[in-house]
Amino acid sequence: MKVKVSRRAHFNAAHRLYRPDWSFEKNDEVFGKCNNPNFHGHNYELIVSVFGEVDQETGFVIDVKILKDLIKSEVENAFDHKNLNVEVREFKELNPTAENIAIVIWNKLRPHIDAKNDLEVTLYETARNFVTFSG
């Protein structure tokens, strides 16, 4: 039987949704207020979940302290109080939509999670808007 273990975290970050190969008008039409040239910010809520068999020796799927430290080092330290477009390498060429942010987070965490376990990232951009990526 698989068990899902989750850890909630948060970070604050600014971003702008736009494509440099499009005109301002086209960006404005597609991305609206999110195309603000002066950026805008969110208080992101993140839920990272690991699915797997319970280890008979430890009783864990994953030690939550390990998951907490991993989220801190790979996500919070990299994204918190940053301008994603300007300061985060992964978004130099990638539009920092909620979908793309969730995928980047998953890719940053996946190498650190035992291959026998599944990983899921849920990112809340607002209380009503969220995305989930599971690879």
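# Exercises on a predicted model

Ring pairs connect F11, Y44, F79 and F91 into a cluster. The model is predicted, and the exercises below start from its overall layout before returning to this cluster.

## Exercise 1. The chain as a whole

Task: State how many helices and strands the chain has, and in which pattern they follow one another.

Solution.
- Step 1. The secondary structure consists of four helices and five strands.
- Step 2. Along the sequence these elements run β-α-β-α-β-α-α-β-β.
- Step 3. For the overall dimensions, the C-alpha atoms occupy a box of roughly 60 × 25 × 25 Å along the principal axes.
- Step 4. Of the contacts between residues at least 6 apart in sequence, 66% join residues at least 24 apart.

## Exercise 2. Burial, surface and charge

Task: Find what percentage of the 135 residues is buried, and describe the surface and the charged side chains.

Solution.
- Step 1. Buried residues account for 41% of the 135 residues.
- Step 2. The accessible surface is about 8100 Å², and carbon and sulfur atoms hold 50% of that surface.
- Step 3. There are 18 positive and 21 negative side chains.
- Step 4. The centres of these two charge sets are 2 Å apart.

## Exercise 3. The largest nonpolar core

Task: Identify which members of the largest nonpolar core touch the most other members, and which element gives the most residues.

Solution.
- Step 1. The core has 30 residues, and those touching the most other members are F11, F79, I101, I105 and L123.
- Step 2. Two or more residues each come from β1 (2-15), β2 (40-53), α2 (64-79), α4 (98-109) and β4 (118-124).
- Step 3. The greatest contribution is that of α4, with seven residues.

## Exercise 4. F79 and its ring partner

Task: Decide whether the ring pair of F79 and F91 is stacked, tilted or edge-to-face, and place both residues in the chain.

Solution.
- Step 1. The whole structure contains six aromatic pairs.
- Step 2. In the pair of F79 and F91, the ring centres lie 6.1 Å apart and the planes meet at 55°.
- Step 3. Planes under 30 degrees apart would count as stacked and planes over 60 as edge-to-face. The pair of F79 and F91 is therefore tilted, with its planes at 55°.
- Step 4. F79 belongs to helix α2, while F91 sits in the loop between α3 (84-87) and α4, twelve residues apart; the pair thus links distant parts of the chain.
- Step 5. F79 has a relative accessible area of 0% and is buried. F91, at 2%, is buried as well.
- Step 6. Beyond its neighbours within four places in sequence, F79 contacts F11, N12, A13, L84, V88, F91, I101, V104, I105 and K108.

## Exercise 5. A13 beside F79

Task: Say where A13 is found, whether A13 is buried or exposed, and which residues A13 contacts.

Solution.
- Step 1. A13 lies in strand β1.
- Step 2. The cut-off for burial is under 20% relative accessible area. A13 has 6%, so A13 is buried.
- Step 3. The C-alpha atoms of A13 and F79 are 6.5 Å apart, although 66 residues separate the two along the chain.
- Step 4. Leaving out neighbours within four places in sequence, the contacts of A13 are H40, G41, H42, Y44, F79, K82 and L84. Two of the ring-cluster members, Y44 and F79, appear in that list.

## Exercise 6. Positive phi at F39 and H81

Task: For F39 and H81, give the phi value, the location and the exposure class.

Solution.
- Step 1. F39 has phi near 70°, positive in a residue other than glycine. H81 likewise has a positive phi, near 55°, and is a residue other than glycine.
- Step 2. F39 is in the loop between α1 (24-31) and β2, and H81 is in the loop between α2 and β3 (82-83).
- Step 3. Exposed means over 50% relative accessible area, and buried means under 20%. At 24%, F39 is therefore partly exposed. At 61%, H81 is therefore exposed.
- Step 4. Apart from neighbours within four places in sequence, H81 contacts N12 and E87.

## Exercise 7. The start of the chain

Task: Locate M1, and determine whether M1 is buried or exposed and what M1 touches.

Solution.
- Step 1. M1 is in the segment before β1.
- Step 2. With a relative accessible area of 84%, M1 is exposed.
- Step 3. Not counting residues up to four places away in sequence, M1 touches G52, E53 and V54.

How values were computed:
Residues numbered from 1 in each chain as written. Predicted model: local features only at pLDDT ≥ 70, side-chain atom pairs only at ≥ 80, totals over all residues. Heavy atoms only, no water. Core = buried A, V, L, I, M, F, W, Y, C linked by side-chain atoms within 4.5 Å. Buried < 20%, exposed > 50% of the residue type's maximum accessible area, 1.4 Å probe, protein only. Contact = heavy atoms within 4.5 Å. Areas by Shrake-Rupley, 256 points an atom, 1.4 Å probe, with all protein chains shown as cover. Lys, Arg positive; Asp, Glu negative; His and termini not counted. Charge placed at Lys NZ, Arg CZ, Asp CG, Glu CD. Phe/Tyr/Trp six-rings, centres within 6.5 Å; stacked < 30°, edge-to-face > 60°.
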